Amino acid sequence: MRHGKSSWDFPVSDIDRPLQVRGIKDAQLVATEFLKSNSKIEASFSSPANRALHTGMIAMRTLQLPFANFLISNELYDFSGKSVMDFVKNLDDNLTSVIIFGHNHALTEISNLWGDVYIENVPTAGLVQLNFEIDKWRDTSGGRTEKMIFPKQFK
C-alpha cells in the first residue's frame, strides 16, 4: 500500500512529512474496502517515513490487525523498488501473507515487475495485492495481480 497524500506545508525533511487530511481519509477508505476481502495478513511492514507509518497505523486499525506484528524497516524507505524487492526476498518463509506500506515509484515498479496487470501509477493510498505461487520468499518473481484498490474508485 502506498502512503496517503502527504503535505508539503511544513518545513520538515522528506522523511518527516505528515499526511494531509485527504491522505488520512483515503487510507481509511482503502483499508475499509480491503477489509471486505477477508484477506489474511500475518505481518505488516512500513517505511520509517512519517506518512507511511501513519498510513500503516490507520490501515492496521481498520483491518483490526495487531500492532505487535507491525514492524518498521529502513529498507522500505525506497523509491526505486530495489530495496523493497530485496526486503521481500528476505522475509521469513514462515510468513505467507504480508502488507507493506511504502512509496512510489517503488510500489508501481514492483507491481509491474511482479504482477500481471500493467499499472500506470499506484496513486497515494493505493493498494495492490499480489499473489505468488512460491514456497520461499527468495523465489519471488512474476505473480498475479489479485486486487487493486485506489481511492478514486470510491469517490
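The legends below describe close-up views of a sheet and a helix in a predicted model.

Residues are numbered from 1 along each chain as its sequence is written, and side-chain values use heavy atoms, with hydrogens and water left out. Because the model is predicted, local features need pLDDT of at least 70 and side-chain atom pairs count only at pLDDT 80 or more, while totals for chains, interfaces and linings use all residues.

**View 1. An open sheet of three strands.** The strand order is 2-1-3, and the pairing is parallel. Strand 2 (70–72) and strand 3 (98–101) are the edge strands, each pairing on one side only. From one strand to the next, the twist averages 20°. Strands are DSSP runs of E of at least two residues, numbered from the N terminus, and helices are runs of H or I of at least four; two strands pair if DSSP finds at least two bridges between them. Axes are lines fitted to C-alpha atoms, with angles from 0 to 180 degrees between N-to-C directions.

**View 2. Strand 1 beside strand 3.** Strand 1 (residues 43–46) runs parallel to strand 3 and is joined to it by four bridges. S44 has I99 of strand 3 as its bridge partner.

**View 3. Helix 2 and its surroundings.** Ten of the 14 residues of helix 2 are buried (under 20% relative accessible area, 1.4 Å probe, protein chains only), so the helix is largely enclosed by the rest of the structure. Among the buried residues are R51, L53, I58, M60 and L63. The buried residues pack against helix 1 (21–35) and strands 1, 2 and 3, where contact means heavy atoms within 4.5 Å.

**View 4. The end of helix 2.** Just after helix 2, Q64 takes a positive phi of about 60°.

Conventions. Buried means under 20% relative accessible area, exposed over 50%, partly exposed in between (1.4 Å probe, protein chains only).
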